[in-house]
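Biologist: Can you take me through the model? I'd like to go site by site.

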Amino acid sequence: MNSPLILDYPVPPLFSFKECLWFLNRNYDDCMHRISSGAITKAISLPEGDFLIRIAEHRQMIRMEILDGADIENHREVLEQYLKNWFDLDRDPRPLYELLKKDPQLSYMVTAFQGLRLVSMPDLFEALCWGITGQQINLSFAYKLKRRLVEKYGRSIEHEGNVYHLFPKPTALAKAGITDLMDMQFSQKKAEYLIGLSKAFLDGTISEKTLKALPSLKERQQVLTAIRGIGLWTANYALMKSFRENSCIPYGDVGLLNALIAHGIMQQKTDREQMDHFFEKYKGWESYLVFYLWRSLSQPEQ
DNA sequence: AGCCAGGATCATC
DNA sequence: GATGATCATGGC
């Protein structure tokens, strides 16, 4: 094929590609991207078509190479927008850092995690499926389940001997049978949830467009939690990761609770009032704080 | 070996 | 509206 299209984007202030890459390259085997020698390669599906993109840092720029895809030249803008959404590049984290500096237990994060952005999962359906998959199981197992699902029901792009997966579409997943997913070791309920969610996307019960059009976070949470298998945790997780909503607290999240206990901020796991009280100080930055707290879990002693 | 995992639902009180 | 059982299996 032709030489790839290259888009350079200036590194925004207080952005660390290394930190973001670190997050994507934690100790899990995530089938949705591949990281090697400082670059991340990922297949993405947009209304304009499927593309294979590679992101790396290059001379003070964030460089995106479009390795595969049709009519690339005419899709510069949407591809650049994807990049900006994925790494939340337009965010100015300084207000968060000012709040963190006032917090004795968390002020270290400003330097320790400086430049980390809330790495998103732009596809709402994917974020919801991933949330359901990860309910109440350890992450290692959850990533295994995701891989099985993706390899069976998703399309993929091959490039230089590697396979890059696209997350399955609702149409593909809606055709799956409960037992098909159970054979992959999904529980029966999760199989039902995933197939039900796929059908809800197909019949228009839910769509990214209508959900985004709702005026408040609360209404978006209500629409999502009305779907079987989606509780407040999953709704908040998906809204945080997909829409990059600012004020999503995934109540009940084991990782979040463990992080708050490890920092001496909470003592018991069940005290929602105490949790709300803590987050009061971080109005508008709740999601980011959660993300940073998750980040703290993977690093011993800060 | 046994408890816990980036929860949600349903029954029951 | 609050609690308890249930889910399925891996990881440590």
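Biologist: Which element gives the largest share of the surface near DNA strand B?
Modeller: Helix H12, with 3 residues. This is a predicted model, in which local features need pLDDT of at least 70 and side-chain atom pairs count only at pLDDT 80 or more, while totals for chains, interfaces and linings use all residues. Residues are numbered from 1 along each chain as written, chains are lettered from A and ligands numbered from 1 in written order, and side-chain values use heavy atoms, without hydrogens or water.

Biologist: What counts as near, and as a helix?
Modeller: A residue is near a strand if one of its heavy atoms lies within 4 Å of it. Helices are DSSP runs of H or I with at least four residues, numbered from the N terminus.

Biologist: Which residues come nearest to DNA strand B?
Modeller: Leu-139, Arg-228, Gly-229, Thr-234 and Trp-294, out of 22 around the strand. By class there are 9 nonpolar, 9 polar and 4 charged residues. Nonpolar means Ala, Val, Leu, Ile, Met, Phe, Trp, Tyr, Cys and Pro; charged means Asp, Glu, Lys and Arg; the others, Gly among them, are polar.

Biologist: What touches the phosphates of strand B?
Modeller: A backbone N or O atom of Gly-229 sits 2.5 Å from a phosphate oxygen of DNA strand B. For Thr-234, a side-chain N or O atom is 2.8 Å from a phosphate oxygen of that strand. Gly-252 has a backbone N or O atom 3.3 Å from a phosphate oxygen of DNA strand B. The elements giving two or more residues to this surface are H12 (232-242) and H13 (254-262).

Biologist: Now DNA strand C. What does Asn-138 contact there?
Modeller: A base nitrogen, 3.1 Å from an N or O atom in the Asn-138 side chain. Gln-185 has a side-chain N or O atom 3.0 Å from a phosphate oxygen of DNA strand C.

Biologist: How much of the strand C contact is sugar or phosphate?
Modeller: 74% of the strand's atoms within 4 Å of the protein, the rest being bases. For DNA strand B the figure is 61%.

Biologist: Which helix gives the largest share of the surface near strand C?
Modeller: H6, with 3 residues. H6 (139-153) and H9 (188-202) each supply at least two.

Biologist: Switching topic: which residues lie closest to the centre of the second largest pocket?
Modeller: Ser-247, Ile-249, Tyr-251, Asp-276 and Lys-283, among 14 lining residues. A pocket is an open set of points on a 1 Å grid over the protein atoms alone, where a 1.4 Å probe fits, with protein on both sides within 12 Å along at least five of seven lines; lining residues have an atom within 4 Å of a point.

Biologist: Which helix leads the lining?
Modeller: H14, with 4 residues.

Key. Polar contact = N/O pair within 3.5 Å; in protein donor to acceptor, adjacent residues only side chain to side chain.
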